[in-house]
Amino acid sequence: MVGHGHVSHSPKRYTGLMDWLTTVDHKKIGILYLIAGGFFFLIGGLEAILIRVQLMYPENHIFVGATFNELTTMHGTTMIFLAAMPVIFALMNAIVPLQIGARDVAFPFLNALGFWLFFMGGVLLNSSWFLGGAPDAGWTAYPPLSSSFSGHGVDFYVLGLQIAGVGTWIGGINFLVTIINMRAPGMTFMRLPLFTWTAFVTSAMVLFAFPAITVSLVLLMFDRLFHANFFNPASGGNEVIWEHLFWIFGHPEVYILILPCFGIISEIVTIFSKKRLFGYSAMVFATVLIGFLGFMVWAHHMFTVGMGPVANAIFGVATMLIAIPTGIKIFNWLFTMWGGHIRFTTAMLYAVGFIPTFVIGGMTGVMLAVPAADLQYHDTYFVIAHFHYVIVGGMAFGLFGGLYLWWPKMFGRMLNESLGKWNFWFFFIGFHLTFFPQHFLGLMGMPRRVFTYLPGQGFELGNFLSSIGAFLMGVATVILIINIVVTNALPKNAPADPWDGRTLEWAIPSPAPEYNFAQTPLVRGLDALWTEKMAGKKEMTPAEPLGSIHMPSASIMPLIMAIGLFIAGFGFMYHLIPVIVLGLGITVVCMFIRSLYDDHGWHIEPDEIENNRKGVKA
Amino acid sequence: MSGWKKASRLLPLFGAVILALTGCGDPYLSALDPKGPVAEAQLSLVMLSFYIMVGVFVVVMVIFTYVLIKFRKRPGQNGVPKQVEGNHKLEIIWTVIPILLLLILAVPTVITTFHLSEKKTGDDVLKVKVTAHQFWWEFEYPDLGLATGQDLYIPTGKRIEFELTSADVIHSFWVPALAGKTDTNPGQTNHMWMQADQPGVYKGKCAELCGPSHALMDFKVVAVTPFDFKSWADKMKAAVNRQPTTATAQQGAQVFQQNCIGCHAIAGKGGKLGPNLTAFGDRDKVAGILEFKKENIQRWIKSPQEVKPGNKMPSFGGKLSDQDISNLADYLQTLKVIK
Amino acid sequence: MKSEMAILPPNPEKATLEGKNKVLGFWLFLGGEMVLFGSLFATFIALRHGTAGGPKAQELFSLPMVALATFILLTSSLTSVLAILGMHRQNVGVLRGWLWITVLLGVAFLGLEVYEFTEYVNEGHTISSSAFGSAFYTLVGFHGGHVLAGVTWITLLIAQSYKKGLTVITAPKFYLASLYWHFVDLVWVFIFTVVYLIGKVGT
């Protein structure tokens, strides 16, 4: 891997906190993403519960006006950008390189940079709570409300998301190159596990969707900080531009979130039915098609904007088309289970719970695609119900399932299955109790983002049930935390292949060693490990002799670069030019250093690898 | 699986909840209870798409339930189930049938979308210009030379053609029982129409986040017979000649002239920064949300920020004496054209 | 140094897996940049008549100066090609020479742009004068920022070349910088057409 004639440097290995701050190991970065994403998930969840506390009864006076708007804005922004995205990146980091038989990702340094940018962006955004108030213009931040009619909080939204977004974008490029260039011998595209396929399509969508939000945030930032007039109609501006740019990003973002979860569901369903995926090529095709169509339908979020019947009809019908590949996926999962030996582990419960829930979300999705009918649904609780069925019922179920599935591979410990089932049932029942009534609330005339409602409009029962459900989901989350804590106290003794897995990640020890594969495996079929198992073997055939393994050096620079942008962000917000210069300076100097001093990495020698192997077997 | 038993025990409860949820709903608010052709057309699309989707859901659930029960791993069941690569016939079926279903849905969708966005002019329509403000609604009748705030009067059986815009941020104009919503974009004009078939007071809401008091930006559409509408319009025009009769109301009128007229118009005189108050006494809500009574009018004038945070009206609590505010409230209550 | 160059493979930028990853990753990066500039162009096109009483495009733009800037930038694209040809012939001197010229042309372009912006500001056309002004400075300024980044980057690489020469580690860097430079030039061709030519015609 390394160029000719280079001397291998002595191993640079840090321990303790420094190890985590400097790591470029995709598995550790995955864990960092999980911790950070989990932390923001708890914040976003708390905000959700506060929202439901306020709406439990009519005319409540706990969180009113701007405070309530801060809660909804931060709940949405946090959950999408700071909880869902990083947990997806956590699993992608932890699993994708293992599934393709790679020792590393293509750009370990950039991978770390991506994480730290996301994290500092998230911290910047959430620091608004302590610095004069959180953003309150909705997670969609439509101007002119967000540009000229909102307080300082929106600046945190703009700069925090900008920094976090760049991090995510870098992560997307990293995974694309990793999957294209770093597959093990024999791992053709049509042998990629479905999770890797969905990670691939999602990364491509990240690549092409995130620049649109970058630009929208730049325009909003210029309007707010430099008195530009993009969204000021009095000076020739047009606020609808924001809506287009935001949704050109925002709609693909929905598929960015859901596709990897489709992948996770595919993995879980195959393993716990003990069957290969039914219609693998159709699944791949459907994934790519959904990714493609995801870019063609953004304006279905804008049927009420006044685009005219032609645009509305085209975008409506185009949106309906997405139901077709999605339907293909649902039926393929059902027929994967058909004839199998289904084991109801917690992971499988989440996958099984996912199917009807996601189908309901898909149903309301098709209903929403009808422009004339959408004029009734738009911006009501019907929409809230729909996208929570898709994002929580679809994505969160998938992610929780994925965590139960891959926890042993990430941490070397098995999550407790009994607690897991309690976690699932509370979450499942709480979820439906929260969001099912909201369909009716919307149709009965309750707009979204309202901090209260008058009695006597028929909203009382639905809101009350919805709040109870939210509390149940809170209980489920507490159970999950207890499960994690309990598990963490137990010895690290998870077997390499606890579920009778089918793909490459189950061919190596749990947790995966630093170099993933002692010898790069030779892939001889779809479901690489299963192929070997069926051929009567216990492990993969190596594609290379045992040799010294080249590793990238750990580096503190990704963290420092992210801190630089974090500082610059504050400089922009408070118009402090020296702070801007200082922050950007730190980042740029790091880039210079990175360019000037080549990282030759270090090597893990065969005897160390042998020792590890023996340790596992003993 | 004890879980399944638990879930099945919950089913009847779930059914009861659904019934309760669908049964309720304010008849003058709910989109499920349309009172005009636009909302009816929209509800019929809602129901068409709903029935198609329920069909799909039932098919999925039947297969799903069968699979989960039939193919559970039984104790002692070992070995490897048959590894099936796929089935072209099945895959074609579940690709083609959804396409057909979507075609069935797409045709009425496109027709209704175009139908609902047709513009009409002429004598058989009434034109209304809607301007949304943080956090109230301004309605102007350009052909009648009239304006109201918060309460929109319309004749039944007549097509109302709206031109919608906003004075500040994006709002969305929504009267669920009569028609779906249309955004009001500052600097742009949107179009929609609606028609009420029966007299009634229909509730309207702002449906786009517009600031701290977005939740409180309610309004009313008062549909009256064409005869009553004509008489209402005549009385609105005649309101110029209206005089307060009681002493307190007369004093209140003076307070109004000195403090309020810069923003609020009555009978064509006054500013447009706040709602037109010509027919204020006919309203059944103060500021769209409080019960219509004198104390609430006084409360609103004294400290509007407490009622609707973030609105533009200054607080008169420290500026006017309690007596002045009381007189002003008396005067405002006399501003009736119907009741 | 000569002997080290002699062992370089024919396409040194893609000789290692790291090199291959960088080249592919950079193409993807440029794909994302395309969306970025696409969004900025769309915004500009939507707002270019939103002058709100301020100066209009026809009154502001002076085509000869912009044509000169275009000529300079396109020439620099050519010189960066010549630099990479030098690299493929494994001649670090030729590579360095042409990169120097590329940088100089880039700096000349930036100088013209700064002069141009100063003139406009004097005529009352600023980022806050109208939506047209906002869109103009954001689009053209983003491009200018890219040119500045490119100039800095290439200068840094030239400096490195004196110490490190041409190796399988430095070759991908030169190659990527040249790709980037082409992309920046390509964007300018669109800016020249969409902003200046169409703006001057005034349709």
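# Exercises on cavities and interfaces

In this predicted model, the count comes to 6 cavities of 30 Å³ or more.

**Exercise 1. Determine the volume of the largest cavity and describe its lining.**

*Solution.* Begin with the volume, which for the largest cavity is about 100 Å³. Next, turn to the residues around this space: 15 of them line the cavity, and those closest to its centre are Thr452(A), Tyr453(A), Lys205(B), Ala215(B) and Asp218(B). Finally, sort the lining by class. There are 10 nonpolar, 3 polar and 2 charged residues in the lining of the largest cavity.

**Exercise 2. Identify the residues that line the second largest cavity, and state which helix gives the most to that lining.**

*Solution.* The second largest cavity has a volume of about 80 Å³. Its lining consists of Pro193(A), Leu194(A), Ser266(A), Glu267(A), Thr270(A), Leu277(A), Tyr280(A), Thr503(A), Leu526(A) and Asp527(A). Assign these residues to helices: helix H8 of chain A, which spans residues 240–273, gives the most, with 3 residues. Sorting by class then yields 5 nonpolar, 3 polar and 2 charged residues for the second largest cavity.

**Exercise 3. Characterise the contact between chain A and chain B by residues, buried area and salt bridges.**

*Solution.* Step one is to count the participants: chain A brings 98 residues to the contact and chain B brings 100 residues. Step two concerns area. The size of an interface is often given as the accessible area lost when the parts come together. For chain A and chain B, this buried area is about 8,300 Å², with 75% of it on carbon and sulfur atoms.

Step three is the search for charged pairs, which finds 1 salt bridge across the interface of chain A and chain B. Glu208(B) pairs with Arg449(A) in a salt bridge, and their closest N and O atoms are 3.9 Å apart. That distance satisfies the criterion, because a salt bridge requires the side-chain nitrogen to lie within 4 Å of a carboxyl oxygen.

Step four counts polar contacts: 23 residue pairs meet in this way across the interface of chain A and chain B, both residues being at pLDDT 80 or more. On the side of chain A that touches chain B, helix H11 of chain A (residues 323–337) supplies the largest share, 9 residues. By class, that side of chain A comprises 62 nonpolar, 24 polar and 12 charged residues.

**Exercise 4. Characterise the contact between chain C and chain A, and find which helix supplies the largest share of the side of chain C.**

*Solution.* First, count residues: 39 from chain C are in contact with 40 from chain A. Second, take the buried area, which is about 3,100 Å² between chain C and chain A, carbon and sulfur atoms giving 74%. Within chain C, the residues that lose the most area to chain A are Asn21(C), Leu28(C) and Leu156(C), together accounting for 16% of what that side buries.

Third, examine the polar interactions. Between chain C and chain A there are 2 salt bridges. One salt bridge joins the side chains of Lys173(C) and Asp598(A), at 3.1 Å from N to O. Polar contacts across the interface of chain C and chain A number 10 residue pairs, both residues being at pLDDT 80 or more.

Fourth, assign the side of chain C that touches chain A to helices. Helix H2 (17–47) and helix H6 (131–164) of chain C each supply at least two residues. H2(C) provides the largest share, 19 residues. The class breakdown for this side of chain C is 18 nonpolar, 15 polar and 6 charged residues.

Conventions. Residues numbered from 1 in each chain as written. Chains lettered and ligands numbered in written order. Predicted model: local features only at pLDDT ≥ 70, side-chain atom pairs only at ≥ 80, totals over all residues. Heavy atoms only, no water. 1 Å grid on protein atoms, 1.4 Å probe; cavity = no way out; pocket = protein on both sides within 12 Å on 5 of 7 lines; lining within 4 Å. Points joined across faces, edges and corners; volume = space filled by probe spheres on them. Nonpolar A, V, L, I, M, F, W, Y, C, P; charged D, E, K, R; others polar. Helix = DSSP H or I, 4+ residues; strand = E, 2+ residues; numbered from the N terminus. Contact = heavy atoms within 4.5 Å. Buried area = accessible area lost by both parts, 1.4 Å probe. Polar contact = N/O pair within 3.5 Å; in protein donor to acceptor, adjacent residues only side chain to side chain.
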